[in-house]
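Take a look at the structure below. We will walk through a strand, a surface patch and two unusual backbone angles.

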Amino acid sequence: GRTGGVRMVHRQQLLSKLLLMEQTEQYQHPGGQWFYSALMNSNTMAVDAFWQVFVMTKAVFGLSLCLLVIFVEAVAETDVSSFGGNIVPALALLLCLFLAGLETIARRTTTQQLLERRMDAENEWVSIFSWVANHGRSLFNLDKNELAHLDSEFRRTSKSFLVIHQAARDWTFDSTWVMKYVGWFAYSITLVWAAMRLLQSRMERSKTFTSGDCVILLQVFRRFATYMRSVSDSLVAMQKGSVSILRVAKLLDLPEQRSLLDYATSSLNADSDLLTPGLPSDEAVFQEVVFKIPSTADSGGLGPLCDLVQREGRELRIPLGKIIFVKGGTEAHRISCLSLLTGLVTPSSGRVLLPPAEWPVLMPNVPTALPHSTVREDFVICGASPEAANNLAAILGLDPDALHRHLPPGQAALQALARNLLRDPTLFAAVRPVSGAPLELRDKVLALLLAWQAGGGGQTLIALLEKDGLPKCSTHEGRAAFYEGAGIPCRTLVLSGEEVPPNFPAEGMFVLDIEEHFEGAAAADANGLDGTEDPSQAELLMAERA
């Protein structure tokens, strides 16, 4: 009965699987399904599958003892048999077993279908409720119509779940009642037969069937009916557990494209490619890249992606150790390009080559942080000293003692940006990193990014923050030359937007135009943010974007 550790093992398996998956793999199943499986399916597996194995084993053992007693007495000699060698009780037990097995087999398929439909309906309800509970700060950005839609969807999923739950409940309860009827029917037949047998024995003044034999026989049949109902209940419960096992197994059996074997193979291939002529170790190369979104794609909060097809005959080479600005196309095109560059997704065909020493990180479009941690604790976990964490929070206008989940969306995005810089990747990519920052903080955020890129990463940035100040170089180029002279190479900073901001340093920056290197991006940009062909909608989207 100690099932707590079992369910936590399966929850750990689901978490480990999530941490190993690619972004395209997460498209195959929405995040709400993972949440429901970790919360509900793992508990059902432990209680209704593993524990019921013990319950059913005990009931089957009891049934076997009852059958053994009846059949031994039925085939025994008349002079030593309590029941006079009569085969009627044994036939009654065989009839009960036949009816019970027939009922279980006939109702098995329908039971499984109802249980799966109930699980899917409950999954929808849990997904909406978890969104409301975990994104409460987003509710303030919704108007009355959106709140009404959310409320109607919540009510719809609740009603749908109740309807299918009642159907599944009644169907599974019917199985229990059928077993009860069969057991009591056999018990009634045995009771009538035992009474007539006892009466006949009394009339003949014979001791072949006594009152004690009658009581024992009835007790055996009563126990048999009880054990048979227990087996039926266990089978129904185990079907609930089997539905959960199939769902969890389906999630865990996803192919891990970034498994250790694939990662080692890709690293070896990258090393061999770097040894080929014309492929320097300070560039990222796109070779005939074709990226297609899976047909079962569901964003699941991972951000917009779209298909990308590299223009034929154009090999894209991106220099590393510089500021790279990705412009043109729609935001989905730019995010797809950054996801390919940072290795979050793999192309359907072609190759994206990065030196094996590069560690790319793409800042998520939705701010994330470690749960139950303050701003200062989050920065310290990422490698900063407490003094540097306080100074960094002051630069970004954050309260170092505030919990991440209590921060407004703009401040949460700034914390996510700073945390990723402190993780010290060699290539850092971000989509409009200062869009959520107040106007008075945007210059500071830009200076922070440029100091990280020119200073060679997070360690230099931490040292600067401990001194409570950035280097007093008048230009970004001067700062980069200062650190390069000290033997600290520059990092790669990849940003994206519609156009290059005017306050960006023009020298030493590589501008990547999506429309120039990929097909379809120019047409989609002309039709609007999401590629629609409606001119009025395109003008509206452009106005909102401006």
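Start with one contact between strands: Phe428 stands opposite Leu493 in β8. Keep in mind that this is a predicted model. Phe428 is part of the story of β7. Strand β7 covers residues 427–431, and β7 pairs with β8 over five bridges. The two strands run in the parallel sense.

Now look for another partner of β8. Strand β4, residues 323–327, pairs with β8 over four bridges. This pairing is parallel too. Here Phe325 stands opposite Leu495 in β8. So β8 has pairings with both β4 and β7, by the DSSP rule that two strands pair if at least two bridges are found between them.

Next, follow the side chains of β8. In a regular strand, side chains alternate between the two faces of the sheet. In β8, Thr492, Val494 and Ser496 point one way. Leu493 and Leu495 point the other way. Are these residues buried or exposed? On both sides, all are buried. Why is β8 described as largely enclosed by the rest of the structure? Strand β8 spans residues 492–496, and five of its five residues are buried, so the rest of the structure largely encloses it.

Move to the surface. Which residues make the nonpolar surface patch? They are Leu95, Phe98, Leu99, Leu102, Phe185 and Ile189. Together they make a patch of about 550 Å². Two elements, α4 (88–134) and α5 (144–203), each give two or more residues to the patch. Helix α4 provides the largest share, with four residues. Leu95 is a good one to find, and it lies in α4. Its relative accessibility is 40%, so Leu95 counts as partly exposed. The reason is the cut-off: partly exposed means between the 20% limit for buried and the 50% limit for exposed.

Finally, turn to the backbone. Glu288 has a positive phi of about 50°, although it is not a glycine. Find Glu288 in strand β1, residues 283–291. Is Glu288 buried or exposed? Its relative accessibility is 67%, so Glu288 counts as exposed.

Asp424 is not a glycine either, and has a positive phi of about 65°. Where is Asp424 found? Look in the loop between α11 (409–422) and β7. Strand β7 is the one that pairs with β8. At 18% relative accessibility, Asp424 counts as buried, because buried means under 20%.

Technical notes
Residues numbered from 1 in each chain as written. Predicted model: local features only at pLDDT ≥ 70, side-chain atom pairs only at ≥ 80, totals over all residues. Heavy atoms only, no water. Buried < 20%, exposed > 50% of the residue type's maximum accessible area, 1.4 Å probe, protein only. Patch = residues over 30% accessible without salt bridge, like charges linked within 9 Å, V, L, I, M, F, W, Y side chains within 5 Å. Areas by Shrake-Rupley, 256 points an atom, 1.4 Å probe, with all protein chains shown as cover. Salt bridge = Lys/Arg side-chain N within 4 Å of Asp/Glu carboxyl O.
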